[in-house]
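Biologist: I am new to this model and would like a close look at one part of it. Please start with the smaller picture, then put it beside the rest, down to single positions.

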Amino acid sequence: MSATPQLLAITPTVLLARAGKGLRQLVRVTIANPGKSKDVTLVAEGPAGRVEAPVVLPARGESVHELFLPEPKRSCEIVFSLRSGDRALDRRPVQLQPPPHLRVHVVQHSHHDVGYTNLPSTVLREHCRFLEDAIDMAEATAGYPDEARFRLVIEQAWSLQEFVRTAPTERVARMGALLRAGDVELTALFGNMTTEICAPEELIRALYPSARLARRFGCAITTAEHNDVPGISWGLAEVLAGAGIRFFCPQLPRYWNWCDPPLQGFWDEGVLFPHGRPGGFWWQAPSGGRVLLWDNYGRGGGPRPDLPDLADRLQALVAGGYPYTAVYWPVRGGARDNSPYIMGFCDAVRDWNDRWAFPRLAISTNARFFADLAPQLPDALPVFGGELPGQDYPVGSMSTAAATAVNRGAHVQLLVAERLATLAAGTTDHAYSADALDRAYEDALWFDEHTWGHHFPAGPAAEASALEKQTHAYRAAALAHDVTTQALARIADHIELPGEGLFLIVFNPLPHPRTAPVVTPLREIENCGSTMALVRDPDQPDAPGYLRGMPLTDRWHLHPPAEIVAGDFDLVDLSNGDTVDFEITDVAADSPLPYAPQRHGLAQGGKRYGFFETPSGLGRDLRFVARGLPACGYKTYQLRPLPEPRPRKRPSRRRKPVIENEFYRVEADRDTGRIISVIDREAKRELLDSQAPHALGELVVRTPEGVLDAPTLTAAPSVHRGAVSERLDLSASAPGHPHVRQTLTLTRGVKRLDLALRLLKDPTPLLDVHLAFPFALPEPTFRTESLLALQTPPADFLPGAFWDEVAVQNWVRMSGGGMSVLWSSRDAPMVALGRLTEGYTSPAHSCRVPERIHHPPGTAEQLQHAWLYSLLCANNFGTNFAVSQTGSLLFRFSLTTRRGEMSDAEAVRLGGEAVTPPETVFTDRRRPGHLSLSSSLLACEGDPLVLLACKHAEDGDGLIVRLWNPLADTATSTVSLGFGAWPVAQMVSLTETASDTAGADVRANDNRSFTVRLAPRSLATVRLTAPRP
Amino acid sequence: MSDLRAGVLGFIASCALPELGPGRYRYSLACTEPTLYSSSYAAMARGLLDALGDADAAVWAAYLNAHQDDDGLFRDPVIFGTGWYADDPLWCGRPHLTCHVITALTALGATAAKEFAWLNPWRDCNALVAWLEQRDWGARVGWSGNEIMNVGTLLQYACDFHNDARAGAAVACLLDWLATHHLDPATGVWGDVDVTDPIWRSHAVQAAYHWWPLLAYDGRPFPHVERALDTVLATQNPLGGFGWGVHNPAEPFVSSACEDIDSLDPLARMLGQTTHRADEGRAAIRTGAQWVLTNQTPDGGFVFIKHRPFEYGHPQLRGEADHGAMFPTWFRLLSLAIADTAVPGSVPDHIAWQFTTCPGMQFWGAPGVRP
């Protein structure tokens, strides 16, 4: 081996220092010296001249030496040599490239978890304090060079909203100034949402808090974040594009790397990012709008304020082929979610820029980075549309299945409540319930936010966190019920009734006429609160009177008398005078009906408080079919008592466990309780797949290791046959589920099979539970209604995505062999398509990582069978989600079928009907009314559109009507309103701000209707106003 | 001082911009610039409440008169040509502003400095009738209401304050024509609209409100007054106001300041012309006044429509939701003054209302009747 020093490596860096008018690039030279320590001269010669530096080589070893060379403006050869006196010891030519002039955007966030690191209520207060401190830091660095001044991005709007609600006015004003100046950037979304389980209108409302704050403070919202949640509903692209957001930078953790060896990632990065990562692609919304989805791939500075390894990491980034000069460098002020904001990064940036010309560091924001990056994006940046079905968070939502079901129900009920409040305010003296609706939407958003619980899911903190979280769902539902009930009662009380008596008003919340089964308790469920109304003595009308709480504005709920509860009445449709068939059914404690245990219990009692009404009606349901309900309108039914009690029929009990109506015949095995046949009588066809491993409605319980025993029947199947419906009741038990009560219902004249399940769950941890729906459709095709997108799996998923469980909104449709089945779930959002899938919850969240997790993402091959498995519960979680849940759970499903291929339009209509039953309220003749006995208050005619919001405008100017065209064709529809005069119709943005004409146009036809034309798969938000002379 | 009076005066004072000179007012606390409308509302409202004693009336009137164009119309440079005021429309442009300024000047003891040359096209009866025939008597009858009132009021003013005899003849021509055209004897209101529909009835009454004062000022009886009273009474809604959704279709019964005064004012004037349904008329006025009072906000002012912001055609004429603004404060105060004068006790506070003798809206009786 030679004893002469050698040039081992020459490494040009990204570091450029200013030298006079030019720049010099730092080049690192690695030299091996096998001999004694010696003094040598390191020389570099190139087109720009010669640079020499004396260096001391340590004995017998390698050493690295830095040399500043003039910045090469183009590719050139530089000859490096080592000299000792006149003697050349070594020589090496190197081709140098012009170094990139990197601009590094140091963007400070605090990852927003509403909880997880502490109780949610405590975290809210912490974030307020962080924002307080941020104001002070911004002022403390006001004298710094502009690039080093304090800036931050508020990751989600909830923290700023809370700050604005609670901080002193003067501090709020100072925060407003920072927002206006762009030093504090507010992003678009309310929270890091579990988008897959959100409802369409709810996800749109996730933009409203930011929009309100932006209006208040005069700042712009141009970017969105979605952090910690490796799953994104395709509808989010629609919502963001519709709100004018161009830059979407979700920070997607690689949770499947959190094991050894790592598992396959959640999407195919090679396909999505052909130019490497960090990188982006245009995420195309279903309607064609686009946002830049930027995946920073974990690049960032972490919590250390001195940015210790920044140079090396930037060097690695460039060496890896990063093609842009704008670099996004997120940092956080501490090693914890919900970290504070700190000023240290400002000092680090100032000191760095004092030393280096490039990379140039700047304390920055998302908006500033995007402005820098956008001009550099290649024209050929890839475009992808589709969903990234989350396998962690939406699955984890079923770790608290009861609350998730309540919130899913609230999604639908909120649409109904808001619609009814608008219609009641438009037709009566009802005061629009803006505040209650706002609070209810906020609660629904809080619940669907990704933070499900405490990081350590056992102990008092976990329990308190769970209760704080779940309160949001229950409160959203309660407020929605409150608004619905009050508004509907107000409409009911303004109907011109034909005389004294008891009347039932049935309201159809959907904007098309329909016939629907009605199931209503014979004692109404009370709403949240009451209005303090002035009550006067009718005998002394001039006396002052007194205030009394009235749940329904100026009255109490009606409770039908005993003869009505007993069924001794005729039910008369007052729109045509027809007597309507009905039946009265008893509610048992385990009935798969809402609030069955409570209703059953209360119905057994005497008078409430000892002297109020006897609530026996709570234990009974009135069932009938309401025919020809007007679009977003109502019909009036009278309950006319009979002079004599109706002769009691003996209940018809068939021996064979079979139920049937005009459309279906359903049969169970008497011994096992398994559903063995569902025949479509129109198609003359068996619908069930006898070869499937599980029967219709069979509970499948798994541990991480495998499937447990099948349920066993605990009572003989029973059939109930009434004037309106036939019901098949099954009782069983299964591992971890001591009592399972299932009811299948067929209603006369209605082509629908309803399946409801009440599940008594014990606290056995780690289980996942599915309900099987196996159909016999050869070579089936699947279609789902996802959030603001009708999807064909797996084509509409992003490349490489896992989809063991997918979230659906109103329906899944399977077609094959000349038959279509439409399946709807009111309570459980997640479903496995085609088979009972392995599951792909990440090791980061799993409690025990099951062996079956080792599998590739699904392919179309998974869909060989028309089988569905609804995920009812999932508890194999080690953090954030619950490892155990217990209680009485309710799940409701509906099925309908068609010969041939059911169209998307029909699926959308039927799915909407399945999850949106009619609303009812009792009234009597209390005042002269002005509304007719039957009326449509809002209707969509023409091409089918989905009505989302129908509400008062945020700014008080008119009404907002939001419509969605889910179909692949342009749709034109006329919307008619049965109240007010609305001569002006105008398209506005999703957040009701700027006018917006993209994708839709609208014209007012007359005072009470407008026609809207929507591009395929797009949204339209229409503002209706009346000019005033 | 009564609560109502103190509250209103307090709100008006909060909108004053004394640093810019006497009579300078902004429209609401959300606005920044003084506007001529706001100055007029302040003078009219303070005049009604007999609270101009400490005002520098001469300087204030001079400020108003400084904004008169050569054609006699008043122009507010802040709003002219923008928003609703683009192209100076007849229904809400300078003629509309001028109708307010002349009342304000009268309250301040002054007169419009220049004569109204702008009225020339209407001084000729034939031309006036031809113009009337061209108005929209259908769906936009409400807009025609404002247009005809503006011309009629300024003709009356020209006659009585500028001694313009031709204008006086034109007024007579106008009132004669109104008594015989587009008027339905069965309803007592004008317009080719179906008044069985509550919304169109509201439109028709709102239009008629703008013409009945022209008749009242000149001491002419309202044609078919009993039927007109029936029609106006039918506009009262369950909340006591008079809206049915024309101005607030989202909550039709939460009526606007315009909807309310457009029924309250004629009801009050009709009580002096007929005994038909007089008890009902008085009760309706009392109830209506109670409703109007609920539109007062904690700042002492009034809102145009409860819980809703309202922009009067320009950002400098904007009132935020549930905050007082000058136009509704004056207009609702005027409706209370008229109600309380017609049916004493309609307003709980005892206020000595001071009407003007100027044509337009803020007069009582028939000041245009010459002895």
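**Chain B, and then chain A beside it**

Modeller: In chain B, 68% of the contacts with a separation of 6 or more are between residues 24 or more positions apart. This is a predicted model, and every value here is computed from it. Chain B is built from 14 helices and four strands. Its radius of gyration is 19 Å, close to the 21 Å that the globule rule gives for 371 residues, so chain B is as compact as a globular protein of that length. Taken along the principal axes, the C-alpha trace of chain B spans about 55 × 45 × 40 Å. Of its 371 residues, 65% count as buried. About 12,400 Å² of chain B is exposed, and carbon and sulfur atoms supply 53% of that area. Chain B carries 23 positive and 40 negative charges, and the mean positions of the two sets are 1 Å apart.

Chain A can be described in the same order. It has 17 helices and 54 strands. The radius of gyration of chain A is 33 Å, close to the 31 Å that the globule rule gives for 1029 residues, so chain A too is as compact as a globular protein of that length. Its C-alpha atoms fill a box of roughly 125 × 70 × 55 Å along the principal axes. In chain A, 60% of the 1029 residues count as buried. For contacts between residues at least 6 apart in sequence, 75% join residues at least 24 apart in chain A. The accessible surface of chain A is about 37,600 Å², with 52% belonging to carbon and sulfur atoms. Chain A has 103 positive and 117 negative charges, whose mean positions are 1 Å apart.

Three places in chain A show these contacts at the level of residues and elements. The first is A:Val106, which sits in strand 8, residues 103–109. A:Val106 has a relative accessible area of 1%, which is under the 20% cut-off, so it counts as buried. Beyond its neighbours up to four places away in sequence, A:Val106 touches A:Trp329, A:Val331, A:Val349, A:Leu361, A:Ala362, A:Ile363 and A:Ser364. The C-alpha atom of A:Val106 is also 8.1 Å from that of A:Phe345, although these two residues are 239 residues apart along the chain.

The second place is helix 16 of chain A, residues 596–604, in which A:Ala596, A:Arg599 and A:Ala603 are buried. Viewed down the helix axis, the buried residues of helix 16 fall within an arc of 65 degrees, so they line one face of the helix. An α-helix has 3.6 residues a turn, so residues three or four places apart point the same way. The buried residues of helix 16 pack against three strands of chain A: strand 19 (514–521), strand 25 (620–629) and strand 35 (753–761).

The third place is a loop. A:Ser842 lies between strand 42 (830–833) and strand 43 (866–874) of chain A. A:Ser842 has 0% relative accessibility, which is under 20%, so this loop residue counts as buried. Setting aside neighbours within four places in sequence, A:Ser842 is in contact with A:Tyr255, A:Trp256 and A:Asp392.

Technical notes
Residues are numbered from 1 along each chain as its sequence is written. Chains are lettered from A and ligands numbered from 1 in the order in which they are written. This is a predicted model: local features need pLDDT of at least 70, side-chain atom pairs count only at pLDDT 80 or more; totals for chains, interfaces and linings use all residues. Side-chain values use heavy atoms; hydrogens and water are left out. Helices (H or I, at least four residues) and strands (E, at least two) are DSSP runs, numbered from the N terminus. The radius of gyration is taken over C-alpha atoms; the globule rule is 2.2 Å times the number of residues to the power 0.38. Buried means under 20% relative accessible area, exposed over 50%, partly exposed in between (1.4 Å probe, protein chains only). Contact means heavy atoms within 4.5 Å. Accessible areas come from the Shrake-Rupley method with a 1.4 Å probe; for residues, only the protein chains shown count as cover. Lys and Arg count as positive and Asp and Glu as negative; His and the chain ends are not counted. The place of a charge is taken as NZ of Lys, CZ of Arg, CG of Asp or CD of Glu. The arc is that of the directions from the helix axis to the C-beta atoms.
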